[in-house]
Amino acid sequence: MATAIRPLITLQQGIESAKGTLVAATNKRPGDWNFIEEQDFYRPDYPAGARGNVGEAGVITRKGTIIEGETDLTPEDFLWLMHCGIQGGLSPTTSTDEELWEAEPDLDSGNETIETATFEWQESDGSTPHYAGEAGYAMLESFEINWAFNQPAKVRERWFARARQSTTLTTSLSPLAGRVPLIAPKLKIYLDNSWAGLGSTQLTAVNRSGSLKVSTGYAPNYTNDGRADVDFVNHKTGLHAATLSLVLENNATGAARIAEFRSNSIVFVRLLFEGAPIGGGNPRMVQIDGAYRFVSPTNRSNDGQQRLIAVELESVVDPTSGKTMAYAALNELGAF
């Protein structure tokens with residue numbers, strides 16, 4: 001019997017019209033994915049007249065599913081993160097052939113407009129699916145974008161969902177149209193002193209690499225509801241928070257970050273990943289704005305004879321604008 005092989009891993013998603021009501025997938029998600037069926041057990045260990053593990057197989061007390069993996073950062077697939085982790089019910093602003101999608105976390109409520117997805121997955125040897133499944137009420141728990149010069153920007157995603165169900169994959173699906181990876185050399189980083197001024201001052205000839213880690217604040221909410229699958233009925237809501245790490249050359253621009261750390265300043269950073277032009281002439285892009293504070297001293301390292309510094313920031317609510325993070329994607333997708 002042939003073994004399932006890595007090139008034939010398949011992950012597909014579809015947006016649910018009602019949370020937890022399974023739907024057929026609509027698109028494939030290229031990437032390197034892992035599927036984790038969670039099960040917790042109760043196995044009583046009261047003395048039972050045997051000097052060994054007792055409790056038989058026990059009982060399952062909780063089920064769930066984790067889907068995690070790495071893929072290319074694209075303005076098309078980033079819509080999955082926006083809809084199911086940042087803000088639901090989105091629609092784009094249309095200009096010529098360009099579609100601008102914008103999202104911000106709701107900081108004043110549980111944001112029950114957030115959307116959920118159904119996942120379908122399969123690991124196959126080409127003729128036999130050795131492992132397949134489907135899970136609903138999927139939401140984005142966290143994501144991390146990493147970049148370094150001369151590399152594509154990568155995003156690691158972690159989703160949670162209800163217990164796995166058996167499934168047959170929806171056939172003849174493709175990735176979202178126009179999907180083109182964004183590369184780190186075309187990343188622009190702006191650092192300004194107010195939210196209103198974001199995008200005014202670009203940091204040039206200084207950034208070597210970096211990462212942005214975002215926690216959406218969403219998690220499964222396990223309650224006592226008599227569910228046969230012992231999984232969750234709905235989700236719970238926590239803080240939407242991010243940490244930003246930048247490795248900078250210790251030139252005049254980099255040294256200014258040390259002064260900002262010393263003065264305990266709030267800084268406002270725009271990450272603008274740009275790609276190939278689209279119909280209206282502007283480049284595809286993913287843009288992430290944030291208000292940040294310094295969380296640790298700057299660390300030094302060496303690259304040959306050049307001195308580098310690492311800056312660590314965490315998101316904070318800006319008292320002037322009332323904002324903390326904002327996300328945008330420009331692509332050709334008029335619907336999602």
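**Notebook: helix α1, strand β10 and the whole chain**

I began with helix α1 and listed its buried residues: Phe78, Leu79, Trp80, Leu81, Met82, His83, Cys84 and Gly85. The model I am reading is a predicted one. Helix α1 spans residues 78–85, and eight of its eight residues are buried, so I recorded the helix as largely enclosed by the rest of the structure. I noted as background that an α-helix has 3.6 residues a turn, so residues three or four places apart point the same way.

**Entry on strand β10**

I turned next to strand β10, which covers residues 187–192. How many of its six residues are buried? I found five, and I therefore entered the strand as mostly covered, with buried taken as under 20% relative accessible area.

I then looked up the pairing of β10. Strand β16, residues 266–277, pairs with β10 in the antiparallel sense, and I noted six bridges between them. Which residue of β16 is the bridge partner of Leu191? I found Val269 in that place.

Strand β11, residues 202–203, is also joined to β10, here by two bridges, and I recorded this pair as antiparallel. Within it, I located Gln202 of β11 opposite Tyr190. For strands I kept one general remark: in a regular strand the side chains alternate between the two faces of the sheet.

**Entry on a surface patch**

I looked next at the surface. Tyr42, Tyr46 and Val59 make a nonpolar patch there of about 350 Å². I placed Tyr46 in the loop between β3 (32–42) and β4 (59–72). Is Tyr46 buried or exposed? Its relative accessibility is 60%, and because the cut-off for exposed is over 50%, I entered Tyr46 as exposed.

**Entry on the whole chain**

Last, I took an overview. I found two helices and 20 strands in the protein chain. The C-alpha atoms fill a box of roughly 70 × 55 × 45 Å along the principal axes. The radius of gyration is 22 Å; a compact globule of 336 residues would have one near 20 Å, and I noted that the chain agrees with this.

Of the 336 residues, I entered 45% as buried. The chain exposes about 16,000 Å², of which carbon and sulfur atoms supply 47%. I also looked up contacts between residues at least 6 apart in sequence, and 72% of these join residues at least 24 apart.

Notes: Residues are numbered from 1 along each chain as its sequence is written. This is a predicted model: local features need pLDDT of at least 70, side-chain atom pairs count only at pLDDT 80 or more; totals for chains, interfaces and linings use all residues. Side-chain values use heavy atoms; hydrogens and water are left out. Buried means under 20% relative accessible area, exposed over 50%, partly exposed in between (1.4 Å probe, protein chains only). Helices (H or I, at least four residues) and strands (E, at least two) are DSSP runs, numbered from the N terminus. Two strands pair if DSSP finds at least two bridges between them. Patches are made of residues with over 30% relative accessible area and no salt bridge: like charges are joined within 9 Å, nonpolar side chains (Val, Leu, Ile, Met, Phe, Trp, Tyr) within 5 Å. Accessible areas come from the Shrake-Rupley method with a 1.4 Å probe; for residues, only the protein chains shown count as cover. A salt bridge is a side-chain nitrogen of Lys or Arg within 4 Å of a carboxyl oxygen of Asp or Glu. The radius of gyration is taken over C-alpha atoms; the globule rule is 2.2 Å times the number of residues to the power 0.38. Contact means heavy atoms within 4.5 Å.
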